[in-house]
Amino acid sequence: QVQLVESGGGLVQAGGSLRLSCVASGRTFSSYAMGWFRQAPGKEREFVAAVSWIAGNTNYADSVKGRFTISRDNAKNTVYLQMNSLKPEDTAVYYCAQEQDDRFLPYAPRQNADYAYWGQGTQVTVSS
């Protein structure tokens with residue numbers, strides 16, 4: 001049974017930083033791409049960042065490129081999202097996700113449909 005547990009959310013002022021963590025369990029972490037998505041009130045869930053099973057391949061939404069960094073530590077079964085220069089429009093519930101199948105893709109997938117397992121979410125609120 002796959003479980004994903006996020007942490008690190010909170011309230012921060014615009015321009016500040018937060019680091020989200022997601023610990024995975026239930027199957028071989030290193031075999032699967034990992035992603036971060038977010039959902040703001042009244043909006044659909046959107047892609048933020050992803051990292052392939054080989055940590056060297058990453059993918060970012062244009063809205064966070066240059067400000068957010070995704071990374072993974074396979075020894076700790078953990079994926080991180082370092083968020084810098086936060087803006088009020090980054091306010092959302094952030095979800096960690098794990099790829100459905102171990103496809104060993106040479107890129108980091110960014111579609112909702114690529115992911116089968118989701119965490120419970122962690123709230124990030126950026127005040128202006």
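## A quick tour of an all-strand model

From the N terminus on, the elements of this protein run β-β-β-β-β-β-β-β-β-β-β. That makes eleven strands and zero helices. Keep in mind that what you're looking at is a predicted model.

**Overall size and shape**

- The protein has a radius of gyration of 14 Å, which agrees with the value near 14 Å that a compact globule of 128 residues would have.
- If you lay the C-alpha trace along its principal axes, it spans about 40 × 30 × 25 Å.

**Inside and outside**

- Buried residues account for 45% of the 128 residues in the protein.
- The accessible surface adds up to about 6,300 Å², and carbon and sulfur atoms own 46% of that.

**Contacts along the chain**

- Take the contacts between residues at least 6 apart in sequence: 61% of them join residues at least 24 apart.

**Charges**

- There are 12 positive side chains and 11 negative ones in the protein.
- The centres of these two sets lie 4 Å apart.

**Zooming in on S21**

- You'll find S21 in strand β3, which covers residues 18–25.
- Is S21 buried or exposed? S21 counts as buried because its relative accessibility is 16%, and the cut-off for buried is under 20%.
- Leaving out residues up to four places away in sequence, S21 touches V5, E6 and S7, along with W36.
- Also on the contact list of S21 are T78, V79 and Y80.

Terms used: Residues are numbered from 1 along each chain as its sequence is written. This is a predicted model: local features need pLDDT of at least 70, side-chain atom pairs count only at pLDDT 80 or more; totals for chains, interfaces and linings use all residues. Side-chain values use heavy atoms; hydrogens and water are left out. Helices (H or I, at least four residues) and strands (E, at least two) are DSSP runs, numbered from the N terminus. The radius of gyration is taken over C-alpha atoms; the globule rule is 2.2 Å times the number of residues to the power 0.38. Buried means under 20% relative accessible area, exposed over 50%, partly exposed in between (1.4 Å probe, protein chains only). Contact means heavy atoms within 4.5 Å. Accessible areas come from the Shrake-Rupley method with a 1.4 Å probe; for residues, only the protein chains shown count as cover. Lys and Arg count as positive and Asp and Glu as negative; His and the chain ends are not counted. The place of a charge is taken as NZ of Lys, CZ of Arg, CG of Asp or CD of Glu.
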